[in-house]
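Here is my notebook page from an afternoon of looking things up. I kept the entries short, and I hope they are easy to follow.

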2 protein chains.
Amino acid sequence: MRETILLADDHPLFRAALIEAVRRVAPGAEIVEAESLSEARDRLADQSVDLVCLDLHMSDSSGFSGLIELRQSHPGMPVVVISASQSGGAAARALEFGAAGFIPKTASLDTLCMALGAVRDGEIWAPETGDDITDEAAEQAQRLASLTPAQMRVLRGVAAGQLNKQIAFEMDITEATVKAHITAVFRKLGVINRTQASLVAQALEIEPPKSA
Amino acid sequence: MRETILLADDHPLFRAALIEAVRRVAPGAEIVEAESLSEARDRLADQSVDLVCLDLHMSDSSGFSGLIELRQSHPGMPVVVISASQSGGAAARALEFGAAGFIPKTASLDTLCMALGAVRDGEIWAPETGDDITDEAAEQAQRLASLTPAQMRVLRGVAAGQLNKQIAFEMDITEATVKAHITAVFRKLGVINRTQASLVAQALEIEPPKSA
DNA sequence: TCCGGTATCCGCCTAAAGTCTAATGCCAAA
DNA sequence: TTTGGCATTAGACTTTAGGCGGATACCGGA
């Protein structure tokens with residue numbers, strides 16, 4: 001029986017690149033394409049598939065639900081997860097859910113070929129350990145959560161581009177106190193000035209201060 | 001002189017797809033690749049380029065600042081913006097900033113070829129433009145676009161939370177000069193300090209991580 | 001060619017930002 | 001109750017940021 005590989009990705013261009021990689025690794029394989037999770041389901045119902053490349057973010061499913069579903073309905077079928085996310089957490093979780101490999105979309109064609117080859121040989125492919133990017137957002141969120149109420153209020157003012165004087169007036173404390181709070185916030189967030197603190201706050205979508 | 005096309009995208013696989021499209025549309029063209037905005041800058045300094053395909057989301061620049069910069073430094077050179085974002089707003093803003101075309105990464109290879117062909121013929125290629133840009137965003141966009149190259153580079157440093165000293169070192173100018181540029185940027189953007197300037201710059205960077 | 005506007009550059013000065021030390025008060029563990 | 005840690009407060013001090021004036025250079029129009 002001919003080997004069949006299912007490529008589930010909603011980006012036609014990226015799918016084209018995947019096809020090229022598959023042709024290099026498995027020249028004789030039959031390639032089946034799907035643009036959405038539901039379409040992938042249909043293809044899997046139509047025929048037996050030996051390997052699936054699954055994008056985590058498609059029109060009808062963003063996240064690990066699709067991976068979980070495929071693992072349940074086809075336990076023996078290796079699934080290679082492909083994601084735009086580079087975070088090590090995403091890769092770890094994907095493998096946790098039974099993925100046979102994880103490939104960030106920033107991978108090169110060569111890397112992709114190696115990953116597909118390894119998975120076809122029954123191995124597990126994970127991004128090189130040196131590339132494990134700690135989930136920066138989670139860490140920063142943890143740091144933000146450690147801020148005291150006063151420090152949080154001060155940070156909100158900083159993130160809004162206010163002067164220390166303005167923040168002090170609104171909190172009814174001295175400007176010197178505001179500065180002390182700000183220094184503490186900098187230490188907790190691991191930054192060295194208010195602009196960087198503002199960036200951290202913006203990245204985590206802190207509630208903006210009322211009024212303007 | 002041989003036609004030269006610069007492909008600036010940090011995803012090797014997607015770049016491979018772009019190369020395939022260029023080969024179909026312009027078989028004789030020389031293809032130059034860049035993985036980051038700074039690398040794209042270097043290539044543009046090295047040689048004359050007839051067309052640029054620019055990804056909005058690269059390691060050192062996610063947003064329209066790169067597009068604005070290229071339009072400033074090479075006014076006559078058509079720039080096709082490529083983005084993972086499918087929102088009409090992103091496309092409208094890209095065209096507002098002088099892009100010659102906008103291609104979402106969800107586009108098919110055929111669509112991509114058509115777009116490149118149209119731009120090569122001097123046309124503007126855009127997906128259905130349903131959305132319009134809000135006046136406020138347009139004003140800020142206009143202000144950002146009025147920045148000189150040096151002012152833009154300084155603003156990037158400010159928005160990254162760098163010290164004036166660091167910016168001065170990287171641009172090989174005096175800190176006093178950096179301050180002068182910053183003052184000019186503040187006036188043009190209508191802000192009073194670097195944190196607010198950083199916020200304006202951030203506002204024009206589309207879609208923060210949004211994580212998983 | 002000359003000229004006016006502007007970009008780039010820099011030194012000087014004031015205001016703001018940020019650090020350090022330290023006092024007070026609160027709360028939980030010993 | 002005592003003790004140790006931390007939040008909050010703030011003054012003194014150092015560093016950075018930002019404004020002002022002026023110099024040079026470049027460029028398009030008269």
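**Entry 1: phosphate contacts.** I looked up B:Thr183 and found an N or O atom of its side chain 2.8 Å from a phosphate oxygen of DNA strand D. That fits a polar contact, a pair of N or O atoms within 3.5 Å. For A:Thr174, I noted 2.6 Å between a side-chain N or O atom and a phosphate oxygen of DNA strand D. B:Asn164 has a polar side-chain atom 3.3 Å from a phosphate oxygen of this strand.

**A note to myself.** The model is predicted, and I keep in mind that local features need pLDDT of at least 70, side-chain atom pairs need 80 or more, and totals for chains, interfaces and linings use all residues. Residues are numbered from 1 along each chain as written, chains are lettered from A and ligands numbered from 1 in the order written, and side-chain values use heavy atoms, without hydrogens or water.

**Entry 2: the surroundings of the strand.** How many residues surround DNA strand D? I found 19, with A:Thr148, A:Thr177 and B:Lys179 among the closest; near means that a residue has a heavy atom within 4 Å. They divide into 6 nonpolar, 7 polar and 6 charged residues, with Gly counted as polar. Helix H9 (175–189) of chain A, and helices H8 (164–171) and H9 (175–189) of chain B, each supply at least two of these residues. Of the strand's atoms within 4 Å of the protein, 71% belong to sugar or phosphate, and the rest to bases.

**Entry 3: disulfides.** I searched the whole structure for disulfides (cysteine sulfur atoms within 2.5 Å of each other) and found 0 over all chains.

Definitions and conventions. Polar contact = N/O pair within 3.5 Å; in protein donor to acceptor, adjacent residues only side chain to side chain. Helix = DSSP H or I, 4+ residues; strand = E, 2+ residues; numbered from the N terminus.
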